[in-house]
Amino acid sequence: MKKYVAEFIGTFVLVAVACGVAAVTGCVFPEAGYIATALAFGLVIVAMAYSVGNISGCHINPAVSLGVLINGGMSVKDFIGYVVAQFLGAIAGAAVLFALLGADSTLGTNGLYDGNVCASFLVEVVLTFIFVLAVLGVTSKTENGKVAGLVIGLSLTLVHLIGIPFTGTSVNPARSFGPALFVGGDALSCVWVFILAPLVGGAIAALVWKFLNCKKA
């Protein structure tokens, strides 16, 4: 239960703070809000990794949890518990933003690139692949423990820097669902893209990592 609570807290902070920065600044490219949003997502991961990471591993992302599951790093029971906690945390974080910013705010929701589902899906698959592969790689060796949180946070910043102009960058189904639930409209109608695509990207990253990391008998 402590692991699930840690995942709830981590995802809550991710949405409340990072999506909050996106909502408050407007996340407009190429203005300062664009850089601030990318840094906010990365810095939240760093902060949570060194606070709750020793309890749950600080996935705070169903796509990461799926990658860990495929690689045998967690049980199906824990995977389900993690995902439920992550979605609940994201909803709670979005609820706080909604209470503070009101119904007119975007709450940092994601959107389709030029209204194109296929292009947006591809962007999210590729970005999530890069991010989850980095997570699996840096956490594969115990000696990386001291720097893993920093590497993962910087990796998330990296994919946000390229992805924000396209879709706002999800790479995290829970992070997308929470704000979309309160904003509704187009954000909610297309949120399936930002749930499914990151899961596909995470699964591909896990399979590629298994192939790269396999040891010959």
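**Cavities, pockets and turns in a predicted model**

Reader: How many residues line the largest cavity?
Author: This model is predicted. Among the residues that line the largest cavity, Leu-14, Ile-45, Asn-61, Leu-156 and Asn-172 lie nearest its centre. The elements that give two or more residues to this lining are H2 and H7. Counted in full, the lining of the largest cavity has 13 residues.

Reader: How many of the residues in the lining of the largest cavity are nonpolar?
Author: The lining of the largest cavity divides into three classes, with one charged residue and five polar ones. The remaining class, nonpolar, holds seven.

Reader: What space lies in the largest cavity?
Author: The structure holds two cavities of 30 Å³ or more. The second largest cavity has about 40 Å³ of space. For the largest cavity, the value is about 70 Å³.

Reader: Which residues line the second largest cavity?
Author: By class, the lining of this second cavity has seven nonpolar residues, one polar and no charged. Its residues are Ile-45, Cys-58, His-59, Ile-60, Val-64, Phe-131, Val-135 and Ile-152.

Reader: Is Cys-58 buried or exposed?
Author: Cys-58, one of the residues lining the second largest cavity, is found in the loop between helix H3 (53-56) and helix H4 (62-70). Its relative accessible area is 10%. Buried means under 20%, so Cys-58 is buried.

Reader: What is the phi of Cys-58?
Author: Most residues other than glycine have a negative phi. Cys-58 is not a glycine, yet its phi is positive, at about 55°.

Reader: Which other residue than glycine has a positive phi near 50°?
Author: The residue in question is found in the loop between helix H7 (145-167) and helix H8 (173-183). At 1% relative accessibility, it counts as buried. The residue with a positive phi near 50° is Val-171.

Reader: What volume does the largest pocket have?
Author: The second largest pocket has a volume of about 230 Å³. For the largest pocket, the volume is about 480 Å³.

Reader: Which residues are the closest to the centre of the largest pocket?
Author: The largest pocket is lined by 25 residues. The elements that give two or more residues to its lining are helix H2 (32-49), H3, H4, helix H5 (76-101), helix H6 (117-138) and H7. The closest to the centre of the largest pocket are Ser-56, Gly-57, His-59, Val-68 and Thr-139.

Reader: Which element gives the largest share of the lining of the largest pocket?
Author: The lining of the largest pocket divides into 13 nonpolar residues, 10 polar and two charged. The largest share of this lining is four residues, and they come from H7.

Reader: How many residues line the second largest pocket?
Author: Around the second largest pocket, which has a volume of about 230 Å³, the residues closest to the centre are Gly-26, Cys-27, Thr-109, Ile-164 and Gly-168. The elements that give two or more residues to this lining are helix H1 (2-25), H2 and H7. The full number of residues lining the second largest pocket is 18.

Reader: Which element gives the most to the lining of the second largest pocket?
Author: By class, this lining has eight nonpolar residues, nine polar and one charged. The element that gives the most to it supplies four residues, and that element is H7.

Reader: What accessible area do the residues of the nonpolar patch on the surface have together?
Author: The patch is formed by Met-1, Val-5, Phe-8, Ile-9, Val-76, Ile-80, Val-84 and Leu-88. The elements that give two or more residues to the patch are H1 and H5, and H5 gives the most, with four. Together, the patch residues have an accessible area of about 730 Å².

Reader: Is Val-5 buried, exposed or partly exposed?
Author: Val-5 lies in helix H1, and its relative accessibility is 40%. Buried means under 20% and exposed means over 50%, so with a value in between, Val-5 counts as partly exposed.

Reader: What separates the C-alpha atoms of Ala-18 and Ala-36?
Author: Ala-18 is found in helix H1 and, at 0% relative accessibility, counts as buried. Along the chain, Ala-18 and Ala-36 are 18 residues apart. In space, their C-alpha atoms are separated by 9.1 Å.

Methods. Residues numbered from 1 in each chain as written. Predicted model: local features only at pLDDT ≥ 70, side-chain atom pairs only at ≥ 80, totals over all residues. Heavy atoms only, no water. Buried < 20%, exposed > 50% of the residue type's maximum accessible area, 1.4 Å probe, protein only. 1 Å grid on protein atoms, 1.4 Å probe; cavity = no way out; pocket = protein on both sides within 12 Å on 5 of 7 lines; lining within 4 Å. Points joined across faces, edges and corners; volume = space filled by probe spheres on them. Nonpolar A, V, L, I, M, F, W, Y, C, P; charged D, E, K, R; others polar. Patch = residues over 30% accessible without salt bridge, like charges linked within 9 Å, V, L, I, M, F, W, Y side chains within 5 Å. Areas by Shrake-Rupley, 256 points an atom, 1.4 Å probe, with all protein chains shown as cover. Salt bridge = Lys/Arg side-chain N within 4 Å of Asp/Glu carboxyl O.
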